[in-house]
Amino acid sequence: MIQMAIMGFGTIGSGVYDVVNTNRDVIRKNLGGEELDVKYVLDLREFPGKPVEKVLVHDVNTIMEDPEVKIVVETMGGVEPAFTFVSRALKAGKSVATSNKELVAKKGVELMELAKENHASFLFGA
């Protein structure tokens, strides 16, 4: 099983969460039979009674220090704290995907270099 984390649970982050959970069979097939699981969702807010509640964390260190998390999806937007969090993830050897145009425009080259140095991927698009 491939464990992932989502940083931010607004419109985009909640959409990523829903897509991963709704399309498990298709994703498993595309991953050659391996399952993708959302282990954590990072957000400052609470979501009582929502399914995300069981994987919700408020401390980014939970994600960064978990060696099982191989993929991080950044959906917070803006440059900070996104840059700091993405940099930490890449330095920890975690691959990162983002749709954060501002982050990519201002820090993309640096993040691609960090990914290369740490044998990870930095993927982006919007």
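Helices here are DSSP runs (H or I) of at least four residues and strands are runs (E) of at least two, numbered from the N terminus. Keep in mind that every view below shows a predicted model.

**View 1. The whole chain, before zooming in.** Here's the overall layout: 5 helices and 6 strands, arranged along the sequence as β-α-α-β-β-α-β-α-β-α-β. The C-alpha trace spans about 35 × 35 × 30 Å along its principal axes. How does the radius of gyration sit against the value for a compact globule? A compact globule of 126 residues would come out near 14 Å, and the protein chain has 14 Å, so the two agree. Buried residues account for 42% of the 126. As for who touches whom, take the contacts between residues at least 6 apart in sequence: 63% of them join residues at least 24 apart. The chain exposes about 7,000 Å², with carbon and sulfur atoms supplying 56% of that area.

**View 2. A salt bridge inside helix H2, between Arg28 and Asp25.** Both residues belong to helix H2 (residues 24-30), where they sit 3 residues apart, or about one turn of the helix. Their side chains meet at 3.0 Å, N to O. Which of the partners is exposed, and which is partly exposed? Arg28 has a relative accessible area of 26%, so it's partly exposed. Asp25, at 57%, counts as exposed because the bar for that label is over 50%. This bridge is one of 8 that turn up in a search of the whole structure.

**View 3. Lys39 with two acidic partners, Asp66 and Glu68.** Start with the lysine: Lys39 has a relative accessibility of 23%, so it counts as partly exposed. Its side chain forms a salt bridge with Asp66 at 2.7 Å, N to O. Lys39 lies in strand S2 and Asp66 in the loop between H3 and S4, so this pair ties together parts that are 27 residues apart in sequence. The side chain of Lys39 also meets that of Glu68 in a salt bridge, this time at 2.5 Å, N to O. That second pair links distant parts of the chain too, with Lys39 in strand S2 and Glu68 in the loop between H3 and S4, 29 residues apart. Glu68 is partly exposed, at 44% relative accessible area. Elsewhere, salt bridges with shared partners join Arg24, Asp25, Arg28, Glu35 and Asp37 into one network.

**View 4. A closer look around Asp66.** Asp66 sits in the loop between helix H3 (60-64) and strand S4 (69-74). Is this aspartate buried or exposed? At 8% relative accessibility it counts as buried, because the cut-off is under 20%. Its side chain reaches the backbone nitrogen of Glu68 at 2.8 Å. Leaving aside residues up to four places away in sequence, Asp66 touches Lys39, Tyr40 and Lys94.

**View 5. Helix H4, tucked into the structure.** How many of the residues of helix H4 (residues 82-91) are buried? The count is 7 of the 10, so the helix is largely enclosed by the rest of the structure. The buried ones are Ala82, Phe83, Phe85, Val86, Ser87, Ala89 and Leu90. Look just past the helix for Gly93, which takes a positive phi of about 80 degrees.

**View 6. Glu46 and its partner His58.** Glu46 is found in the loop between strand S2 (36-42) and strand S3 (56-57). With a relative accessible area of 54%, Glu46 is exposed. What does Glu46 touch beyond the residues up to four places away in sequence? The answer is Leu56 and His58. Leu56 is 10 residues from Glu46 in sequence, and the two are 8.0 Å apart in space, C-alpha to C-alpha. With His58, the Glu46 side chain makes a polar contact, side chain to side chain, at 2.7 Å.

**View 7. A nonpolar patch on the surface.** Val109, Met112 and Phe124 make up a nonpolar surface patch of about 290 Å². One of these residues, Val109, lies in helix H5 (residues 101-117). Val109 is exposed, with 55% relative accessible area.

Methods:
Residues numbered from 1 in each chain as written. Predicted model: local features only at pLDDT ≥ 70, side-chain atom pairs only at ≥ 80, totals over all residues. Heavy atoms only, no water. Patch = residues over 30% accessible without salt bridge, like charges linked within 9 Å, V, L, I, M, F, W, Y side chains within 5 Å. Areas by Shrake-Rupley, 256 points an atom, 1.4 Å probe, with all protein chains shown as cover. Salt bridge = Lys/Arg side-chain N within 4 Å of Asp/Glu carboxyl O. Buried < 20%, exposed > 50% of the residue type's maximum accessible area, 1.4 Å probe, protein only. Rg over C-alpha atoms; globule rule 2.2 N^0.38 Å. Contact = heavy atoms within 4.5 Å. Polar contact = N/O pair within 3.5 Å; in protein donor to acceptor, adjacent residues only side chain to side chain.
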